[in-house]
Amino acid sequence: YRDDDDINDVASMAGVNLNEESARIMATNSDLVGTQIQSCKDEPFLAAIPLHKRILEMAKKLGITDVPAEVVTFISHATQNRLRTVIEKVTVITQHRMESYKDDEWYEQATDVRSQLKFFEQLERLEKQRKDEQEREILLKAAKSRSRQEDPEQARLKQKAKEMQQQELAQMRQRDANLTALAAIGPRKKRKLDSPGLLTIGGEGLSMSGGSQAGLGTPSSRQYARQKITRVNLRDFIFYMEQERETSHSLLLYRALLK
């Protein structure tokens, strides 16, 4: 039997020669066969020329005189991938450190150090106020005394009482001046969160210069959510290096601990 006589060969029955079509397709796309197509340009993460010089300096110590450009690109991509991994892990550590468990139903507060410190500060403030009151009473008694024969200690107390009265009088005058200035200024207005020159069009903010409002819309009253910022400190990096096998006994970790 010939191929054309096979009733199951639909392509032959339709008059289509598959061999010719395959050859025509291969001839048309012959320049694309064996090539790699990328959707974006392969740009290295690090500067190629300084990195190539650095690699050559290290390679000459090992007897290597030539390093291809592909090796430089590969090392640059490897550095980018390593840096991305480190940042992701340190970010997770920072988020765990900043996580608060006060809203958890299983959270039970045992001690409140902040309240205790405030209580001790209030006690110290009251004690200082009591001592100041006692000293003030002593000075006032010394200032009111009219004894003819005064000792130097009595004169010193009178002078100190006079200075204290002058200081209190100056404080009262300053307070009255501040109240008068505030009354002259008038009530303070609340600051608007949204600028009147910021318009929202299609979800994007456009700033308008001057007073030109050419019918682009009305000022947006919607308050934009503040973006949460994750701040990584040296302690997070030290914890990360302690967990990693490559850096747990490195010199870099010891230097970080000394800072």
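These figure legends walk through several views of one predicted model.

**Figure 1. The whole chain, seen as a string of helices and strands.**
Let's start with the overall plan of this predicted model. The chain contains eight helices and two strands. If you trace the sequence from start to end, the elements come in the order α-α-α-α-α-α-β-β-α-α. How much of the chain is buried? Of its 259 residues, 11% are buried. The accessible surface adds up to about 23800 Å², and carbon and sulfur atoms supply 54% of that. Now think about which residues touch: among contacts with a separation of 6 or more, 44% join residues that are 24 or more positions apart.

**Figure 2. Helix α4 and its buried residues.**
Here we follow helix α4, which covers residues 69-98. The helix is built from 30 residues, and the distance from its first C-alpha to its last is 43 Å. That is close to the 44 Å expected at 1.5 Å a residue. Which residues of α4 are buried? They are V72, S76, V86, V90, I93 and T94. The cover over these buried residues includes α3 (48-60) and α7 (234-243).

**Figure 3. A close look at T94.**
Now we zoom in on one residue of helix α4, T94. Is T94 buried or exposed? Its relative accessible area is 0%, and buried means under 20%, so T94 counts as buried. Two polar partners are worth finding in this view. One is the backbone oxygen of V90, which sits 2.9 Å from a polar atom of the T94 side chain. The other is the side chain of D236, which makes a polar contact with the side chain of T94 at 3.0 Å. Leaving aside residues up to four places away in sequence, T94 touches T230, R231, V232 and D236. D236 therefore appears here both as a polar partner and as a neighbour of the buried T94.

**Figure 4. The salt bridge between E244 and K89.**
How many salt bridges does the structure hold? There are five. The one in this view pairs E244 with K89, whose closest N and O atoms are 3.1 Å apart. E244 is in the loop between α7 and α8 (251-258), while K89 is in helix α4, so the pair ties together parts that are 155 residues apart in sequence. The two partners have their own accessibility classes. E244 counts as buried because its relative accessibility is 15%, whereas K89, at 34%, is partly exposed.

**Figure 5. A salt bridge within helix α5.**
This view stays inside a single helix, α5, where both D132 and K128 lie. Their side chains meet in a salt bridge, with 3.3 Å from N to O. How far apart are D132 and K128 along the helix? They are four residues apart, about one turn of the helix. D132 is partly exposed, with 37% relative accessibility. K128 has a relative accessible area of 54%, and exposed means over 50%, so K128 counts as exposed.

**Figure 6. A salt bridge linking helices α5 and α6.**
In this view, R136 and E168 form a salt bridge, and their closest N and O atoms are 2.9 Å apart. R136 belongs to helix α5 and E168 to helix α6 (residues 152-185), so this pair ties together parts that are 32 residues apart in sequence. Both partners are partly exposed: R136 has 30% relative accessibility, and E168 has 27%.

**Figure 7. Helix α6 from end to end.**
Next we follow α6 along its length. This helix has 34 residues and spans 50 Å from its first C-alpha to its last, close to the 50 Å expected at 1.5 Å a residue. Which residues of α6 are buried? The buried ones are Q154, L157, A161 and M164. Just past the helix, look for G186, which follows α6 and has a positive phi, near 100°.

**Figure 8. A nonpolar patch on the surface.**
Our last view moves to the outside of the model. F119, F120, L123 and L126 form a nonpolar patch on the surface, and together they have about 410 Å² of accessible area. Where is F119 placed? It is in helix α5 (residues 113-144). With 48% relative accessibility, F119 counts as partly exposed.

How values were computed
Residues are numbered from 1 along each chain as its sequence is written. This is a predicted model: local features need pLDDT of at least 70, side-chain atom pairs count only at pLDDT 80 or more; totals for chains, interfaces and linings use all residues. Side-chain values use heavy atoms; hydrogens and water are left out. Buried means under 20% relative accessible area, exposed over 50%, partly exposed in between (1.4 Å probe, protein chains only). Contact means heavy atoms within 4.5 Å. Accessible areas come from the Shrake-Rupley method with a 1.4 Å probe; for residues, only the protein chains shown count as cover. Patches are made of residues with over 30% relative accessible area and no salt bridge: like charges are joined within 9 Å, nonpolar side chains (Val, Leu, Ile, Met, Phe, Trp, Tyr) within 5 Å. A salt bridge is a side-chain nitrogen of Lys or Arg within 4 Å of a carboxyl oxygen of Asp or Glu. A polar contact is a pair of N or O atoms within 3.5 Å; within protein, one must be able to donate a hydrogen and the other to accept it, and residues adjacent in sequence count only if both atoms are side-chain atoms. The expected span of a helix is 1.5 Å times one less than its number of residues.
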